[in-house]
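Trainee: I am new to this structure and would like a close look at one part of it, the ligand's surroundings and what lies beyond them. Could you take me through it slowly?

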Amino acid sequence: MVALNFSEVVGSPSSSQKLINLLRGHTAPLPATHVLRFNTYPFVSWLTSSSRRWPNTSLLPTSILEKASQRVFHSAAINPALLYGPDDGDEKLRVQLASWFTTFFPHCSSVKDRICITGGASQNLACLLQSFTDPLYTRNVFIVSPAYMLAFRIFQDSALSLRAVPEDDEGIDVDFLQQELKKSDKTAGNNDSCLKPDRPWGKVYRHVIYAVPAFSNPSSKTMTLKRREELVRLAREHNALIIADDVYDFLQWPASLTAESLSLDKAILPRLVDIDRYLDGGTEREGADGFGNAASNGSFSKIAAPGIRTGWCEGTAKFAYGVSQTGSTRSGGAPSQLAATFLAEALESGELQRHVYETLQPSYGIRYQRMVTAINEELIPLGVRLPQTDRDVVGGYFIWITLPDPLKGAVVAQRCRDEENLAVAQGEIFEVPGDTDRKGTHFENALRVCFAWEEEDMLAEGIRRLARVIRKIQAEQNGSEKNPEATSTATATEETAKDFW
Ligand SMILES: Cc1ncc(COP(=O)(O)O)c(C=O)c1O
């Protein structure tokens with residue numbers, strides 16, 4: 001067993017080519033004591049790609065945050081900023097967010113009472129489970145898959161059972177979900193008792209549904225309006241809470257590869273939380289308990305900086321209050337209090353919104369154009385497929401690639417690293433652990449590539465390298481030449497990944 005540093009193992013140590021990292025792009029420090037049990041590239045690849053997504057550092061709003069922090073430090077706001085904050089978070093930030101959301105999202109009329117400040121989407125996902133689920137009563141977390149893999153452990157920490165729900169080109173497969181919800185509700189089991197005490201500010205939902213409805217990580221898909229509405233209706237019928245990781249919503253641009261203006265200051269689809277507010281009588285309809293069935297889990301990680309560890313959660317006012325009463329928040333007040341005051345300043349001045357519209361959207365948009373143009377030229381002729389090719393608006397950090405049969409993502413990813421010093425993520429790491437047997441829940445023929453980190457000029461070259469590997473494997477297969485090394489690599493990757501879960 002050898003202790004390894006990520007920076008040593010992301011690419012191929014023997015390659016003369018510069019590493020191109022379309023996997024995530026940066027090295028994350030391992031804990032000093034961390035010892036890899038498998039000193040093998042497949043394992044390291046899997047572990048590396050299971051890390052968080054990182055924006056290119058040239059896109060960080062350093063000076064905006066510096067100026068905002070100066071304004072806080074040189075005003076009376078500094079004292080509350082350095083003390084414990086209110087449970088629901090910095091009021092100015094809640095007001096600023098509500099006003100931005102109302103102009104950005106269609107059918108949105110957000111107010112501060114619907115918003116609670118969080119320590120980011122991951123931290124708040126754990127808080128939502130702590131406050132609104134119970135290991136005895138809550139039956140399942142239905143996860144739209146392929147899925148953001150770092151959420152899996154958060155669900156497991158809450159002792160919930162994980163179930164995969166496939167998606168098609170419109171988003172979540174609601175027919176499948178409906179069947180499974182019905183089956184689950186019918187099975188004998190606990191209907192009454194909860195481990196958690198009765199709490200007037202909270203409620204316990206029967207099911208959780210986890211989705212990334214816009215520009216998803218990893219599938220890059222956007223859920224259509226029809227599916228969003230169907231999903232909200234289904235959640236209401238089955239006492240389910242939809243947790244929508246709305247972390248990429250602001251990172252959007254026109255899909256056209258020749259579009260010159262890549263800035264869009266309005267979303268085209270309402271969030272699930274807004275649909276829940278207005279659809280069929282909304283959250284205050286007769287017979288409803290006012291908690292609602294959808295929560296928007298937002299984050300500054302993608303629109304400001306991940307190190308700022310601040311986000312927001314929006315739901316009904318009753319729901320937002322419940323979030324603010326989570327034990328760890330009730331003790332110390334909302335997390336990230338100091339950072340929240342900087343962000344409130346940056347929003348009040350309009351600088352952060354301008355950063356999103358004038359820097360992030362055009363920069364990611366250009367990167368997207370370069371990558372997709374290269375994919376169209378190099379990969380589509382080889383039989384590779386992309387999802388949702390008819391969209392007007394695209395966004396996020398990723399492109400999901402379906403390989404032509406019989407190519408396997410693990411083999412392609414391994415050979416990309418070994419032969420081309422190119423890092424890409426194989427589809428299997430986005431499978432819901434323990435639920436991969438049914439159609440649409442395993443992704444051995446897929447890859448995810450990220451355009452957010454690697455230098456813009458390297459993106460097309462990365463795709464060319466990927467194409468070379470695919471062409472080589474296809475030529476070998478056509479010549480009926482088996483590559484035993486590649487085959488054994490794939491097996492090892494699957495085994496080590498499962499072992500680690
Ligand atoms: C879907 C999704 N949710 C949550 C996160 C993490 O958000 P945060 O940094 O706010 O915890 C990410 C980051 O990669 C993500 O892609």
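Mentor: The ligand is surrounded by 14 residues, of which Gly120, Ser122, Asn217, Ser299 and Ser301 are the closest; a residue counts as near a molecule or strand if its C-beta atom, placed from the backbone, lies within 6 Å of it. By class, this shell holds 5 nonpolar, 6 polar and 3 charged residues, where Ala, Val, Leu, Ile, Met, Phe, Trp, Tyr, Cys and Pro count as nonpolar, Asp, Glu, Lys and Arg as charged, and the others, Gly among them, as polar. Please keep in mind that this is a predicted model, in which local features need pLDDT of at least 70 and side-chain atom pairs count only at pLDDT 80 or more, while totals for chains, interfaces and linings use all residues. Residues are numbered from 1 along each chain as its sequence is written.

From here we can turn to the sheet. The protein chain has 17 helices and 15 strands, which are DSSP runs numbered from the N terminus (helices are H or I, at least four residues; strands are E, at least two). Among these strands, 8 form an open sheet with mixed pairing, in the order E2-E10-E9-E7-E6-E3-E4-E5. Strand E2 (115-118) and E5 stand at its edges with a single partner strand each, so one side of each has no neighbour in the sheet. Two strands pair if DSSP finds at least two bridges between them. E2 and E10 run antiparallel and are joined by 4 bridges, with Cys313 in E10 as the bridge partner of Cys116. On E10 there is also an antiparallel pairing with E9 through 4 bridges, and here Glu314 in E10 is the bridge partner of Ser296. E3 (residues 140-145) and E6, by contrast, run parallel and are joined by 4 bridges, and Val141 stands opposite Val208 in E6.

Along E10, Gly311 and Cys313 point one way and Trp312 and Glu314 the other, and all are buried, meaning that 20 or more other C-beta atoms lie within 10 Å of the residue's own (exposed is 12 or fewer, partly exposed in between, with C-beta atoms placed from the backbone). Helix H5 (residues 91-104) lies across E2 and strand E10 (311-314), at about 120 degrees to E2; such angles run from 0 to 180 degrees between N-to-C directions, with axes fitted as lines to C-alpha atoms, for helices over the stretch in contact.

Helix H9 (residues 225-237) also packs against strands of this sheet, since its buried residues meet E5 (171-172), E6 (207-211), E7 (240-245) and E9 (294-299), among others, where contact means C-beta atoms, placed from the backbone, within 7 Å. The buried residues of H9 include Arg227, Leu231 and Val232. Just after H9, Asn239 takes a positive phi of about 50 degrees.

Helix H13 (residues 337-348) is mostly covered, with 10 of its 12 residues buried. Its buried residues, among them Phe342 and Leu343, pack against several elements, including H5 and E2. H13 is followed by Gly350, whose phi is positive, near 85 degrees.

How values were computed: Contact = placed C-beta atoms within 7 Å.
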